[in-house]
Amino acid sequence: MELPEKEFLAPGHRACAGCGATIGVRLALKMLGENTVAVSATGCLEVITTPYPETAWEIPWMHVAFENAAAVASGVESALKAQGKTDTNVVVFGGDGGTADIGLQALSGAMERGHNLIYICYDNEAYMNTGIQRSGATPYGASTTTSPHGKESFGEDKPKKNMPMIMAAHGVPYVATASISYPEDFMKKVKKAAEVDGPAYIHLQQPCTTGWGYSPAKTIDLGRLAVETGSWILYEIEEGEFKVTYRPIQRKMVSEYLNAQKRFKHLSDLEKEKIQSHVDAICVELKI
Amino acid sequence: MVLKVMSSNQAIAEAVKLAKPKVIPVYPITPQTTISEYLAKYVADGDINAEYIRVESEHSAISACLGASGTGVRVFTATSSQGLALMHEIIFAAAGLRAPIVMADANRALSAPLSIWNDQQDSISERDSGWMQIYAENGQEALDSVLMSYKVSENKEVLLPTMVCVDGFILTHTVDPVDVPDEEEVDKFLPDYNPEHAYLDPKRPMSIGTFTDPDYYMEARHDMEVAMEKAKAVISDVSQEFADTFGRKYDFIEKYRSEDADTILIAMGSICSTIKDVVDELREQGEKVGLVRVRVFRPFPVEEIYDAIKGASNVGVIDKNFSFSIGGVLHNNIKSMMDVNAAGFIVGLGGRDIKPSHIKEIVEKTNNPSDKPQWIGLNKEEQ
Amino acid sequence: MVAIGAAVKEPGSTRKNKTGSWRTFKPILDKETCIECENCVMFCPEGCIDKNYDIDYDYCKGCGICAEECPVKAIKMERE
């Protein structure tokens with residue numbers, strides 16, 4: 001795949017060195033091109049890209065609040081439609097908190113109503129903008145500031161909420177998972193999402209150097225480990241048809257992924273085995 | 001002129017049809033619901049060429065309004081009570097982003113206990129949001145106010161949203177004769193919305209809803225206060241233009257037999273029709289009583305109210321809302337902004353009926369004022 | 001004077017903020033070794049490596065992803 005040269009997210013933004021979110025946004029916008037309007041939920045991305053009087057965005061962009069990005073985008077899409085501008089892409093970038101927790105209602109409504117928009121959840125698996133608090137997308141065992149490990153706790157004690165399947169249950173024409181570490185797979189999915197008539201949802205895993213606890217240089221490496229260990233599975237659901245889009249040649253041990261991050265450092269071997277067997281069960285079912 | 005008999009909710013829907021918004025995100029709630037139904041039907045019949053978004057909540061209704069307004073089109077929504085409270089966060093954002101949204105509020109009490117009936121606590125509680133607020137007395141005024149509000153809100157000197165408030169059930173579900181203006185005349189009065197400050201257009205990329213640090217936030221809020229002040233002149237001009245075109249003149253306040261009055265009552269909304277009847281009755285008995293109806297509550301018309309009441313010996317302010325430990329909000333706004341002794345009265349909460357006898361009681365108590373705001377119409381054992 | 005609604009009409013204006021000053025390690029790309037695979041271009045969080053494999057040090061924060069992801073180790077991180 002040819003990588004489009006033009007950048008639609010300017011440098012100078014305030015993201016941490018090694019930020020995974022901006023990589024995801026850059027790649028998505030390269031596929032969507034200049035005839036695109038972006039909407040952001042409150043969160044890291046919004047704060048780092050629009051410190052008034054500056055903006056990193058090279059395309060029209062709007063932010064209103066944390067939980068309503070999908071509703072704002074519904075209004076944008078409807079207004080464009082009312083003006084006959086149906087060739088303009090409307091893309092939403094919401095973090096995992098803004099998507100799986102506080103923004104779930106607005107997102108569900110937008111998906112059910114069939115607005116022609118692309119919703120990309122950039123998932124770093126906790127509330128990173130406010131300093132690493134757990135969200136519904138925080139995985140089992142992760143230590144965050146509101147699910148800390150301690151004498152009585154091994155960290156987050158519930159599995160990650162299955163957002164893409166919740167979206168799939170809405171019957172929208174396109175749902176996919178992706179990772180910034182597999183850019184071709186991700187960009188193909190963005191292209192498909194733009195081409196379908198109706199709502200599309202992409203759940204993009206995006207390692208976070210600050211929240212996960214690893215050296216900034218390792219952002220892509222961590223995303224790759226998630227996929228190569230089967231901890232994050234790349235698939236798409238096109239018109240209801242489920243397809244795994246990437247299969248590791250030889251699945252690595254989950255502990256390799258867990259041990260590379262500070263948020264899992266406290267886990268005992270027993271807990272790591274539990275996570276491994278959970279991953280195994282899913283991967284066996286999907287023949288990964 | 002052909003008068004048609006309709007409820008205030010239908011009158012508002014007729015105004016929306018004439019204002020031609022491009023996007024209408026709306027969520028039903030008693031007693032606003034028939035507005036959302038009329039508009040759905042108008043869109044279904046092709047009488048309004050707009051995208052009607054069946055949102056899943058009021059929060060999303062106002063959010064979608066803001067997204068659409070940011071895209072540069074005229075929008076409308078309507079709500080009430082709990083719905084307005086759910087919108088609260090985005091109500092402030094809409095004003096801050098300077099989106100000239102016009103929204104109708106069917107005034108209803110806030111829970112708990114749950115009540116579907118009228119008072120004005122819901123919209124009064126949004127008074128500090130940066131929205132202009134109009135309180136209509138009848139269906140005709142509701143219709144006319146929606147049309148004028150778009151013109152004021154979209155004025156480049158203003159760019160603030162407007163809430164047109166109508167008393168739930170008392171206006172929303174009772175019918176009155178209403179003159180529906182001619183479409184061509186409205187088109188001339190209210191041309192298309194073409195914003196220069198907010199548009200999501202890939203040919204001219206801009207970022208709306210940025211993050212400000214302490215170097216900028218205070219100025220942004222101050223600019224809104226300046227715009228609210230400037231709105232006063234714009235409201236006057238628009239009212240005059242409306243009067244010249246349609247023959248109905250609306251001021252910030254309406255003075256009813258108040259010019260030579262010794263006792264003046266001040267109130268907002270439909271209660272003023274009852275007060276006018278009582279004023280007429282008392283005048284026949286030789287009592288010099290008058291009414292000042294506050295129509296525009298934000299921007300707050302300090303000079304207009306003061307000029308109207310400064311000659312009176314006794315002033316009584318009637319509120320269908322209250323702020324704990326302080327009393328009615330209109331009452332307190334008046335006391336804080338002008339040098340008058342005004343007695344305060346709280347009435348009609350949660351749909352409690354306000355009878356002419358209550359108004360007479362208020363006149364009596366205004367003439368013999370006590371220091372504390374008084375609740376009128378409470379059940380006897382509570383007094 | 002704040003723009004109405006604090007909107008920003010200058011796209012890409014974060015370019016005024018030279019984030020290169022954040023850097024403690026600097027990526028040095030050896031074009032002789034480079035095989036032009038585009039990994040570094042794709043994975044740069046700042047988007048500051050262009051098609052000619054020139055790194056814009058005005059913005060490079062020195063995260064080191066480019067060096068880490070280079071399959072032929074053509075990029076070395078050197079202390080500033």
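**Close-up 1. Helix α6 of chain B is mostly covered in this predicted model.** Look along residues 139-153 of chain B, and you are following α6. Of its 15 residues, 15 are buried. From first C-alpha to last, the helix reaches 21 Å, close to the 21 Å expected at 1.5 Å a residue. At the N-terminal end, B:Asn138 acts as a cap: one of its side-chain oxygens lies 3.2 Å from the backbone nitrogen of B:Gln140.

**Close-up 2. Chain C meets chain B.** Here 8 residues of chain C are in contact with 16 residues of chain B. The two chains bury about 1,000 Å² between them, with 63% of it on carbon and sulfur atoms. Try finding C:Val2, C:Ile4 and C:Lys9, which supply 50% of the area that chain C buries against chain B. This interface has 0 salt bridges, but 3 residue pairs are in polar contact. On the chain C side there are 6 nonpolar, 1 polar and 1 charged residues.

**Close-up 3. Chain A meets chain C.** This contact takes in 38 residues from chain A and 32 from chain C, and about 2,800 Å² is buried between the two chains. Within chain A, the residues that lose the most area to chain C are A:Leu3, A:Pro11 and A:Tyr52, together 22% of what that side buries.

**Close-up 4. A salt bridge joins C:Glu68 and A:Lys218.** Their side chains meet at 2.9 Å, N to O. Between chain A and chain C, the count is 3 salt bridges and 21 residue pairs in polar contact. Helices α1, α7 and α9 of chain A each give two or more residues to the side that touches chain C. That side divides into 20 nonpolar, 8 polar and 10 charged residues.

How values were computed:
Residues are numbered from 1 along each chain as its sequence is written. Chains are lettered from A and ligands numbered from 1 in the order in which they are written. This is a predicted model: local features need pLDDT of at least 70, side-chain atom pairs count only at pLDDT 80 or more; totals for chains, interfaces and linings use all residues. Side-chain values use heavy atoms; hydrogens and water are left out. Contact means heavy atoms within 4.5 Å. Buried area is the accessible area (1.4 Å probe) that two parts lose on being put together, summed over both. A salt bridge is a side-chain nitrogen of Lys or Arg within 4 Å of a carboxyl oxygen of Asp or Glu. A polar contact is a pair of N or O atoms within 3.5 Å; within protein, one must be able to donate a hydrogen and the other to accept it, and residues adjacent in sequence count only if both atoms are side-chain atoms. Ala, Val, Leu, Ile, Met, Phe, Trp, Tyr, Cys and Pro count as nonpolar, Asp, Glu, Lys and Arg as charged, and the others, Gly among them, as polar. Helices (H or I, at least four residues) and strands (E, at least two) are DSSP runs, numbered from the N terminus. The expected span of a helix is 1.5 Å times one less than its number of residues. Buried means under 20% relative accessible area, exposed over 50%, partly exposed in between (1.4 Å probe, protein chains only).
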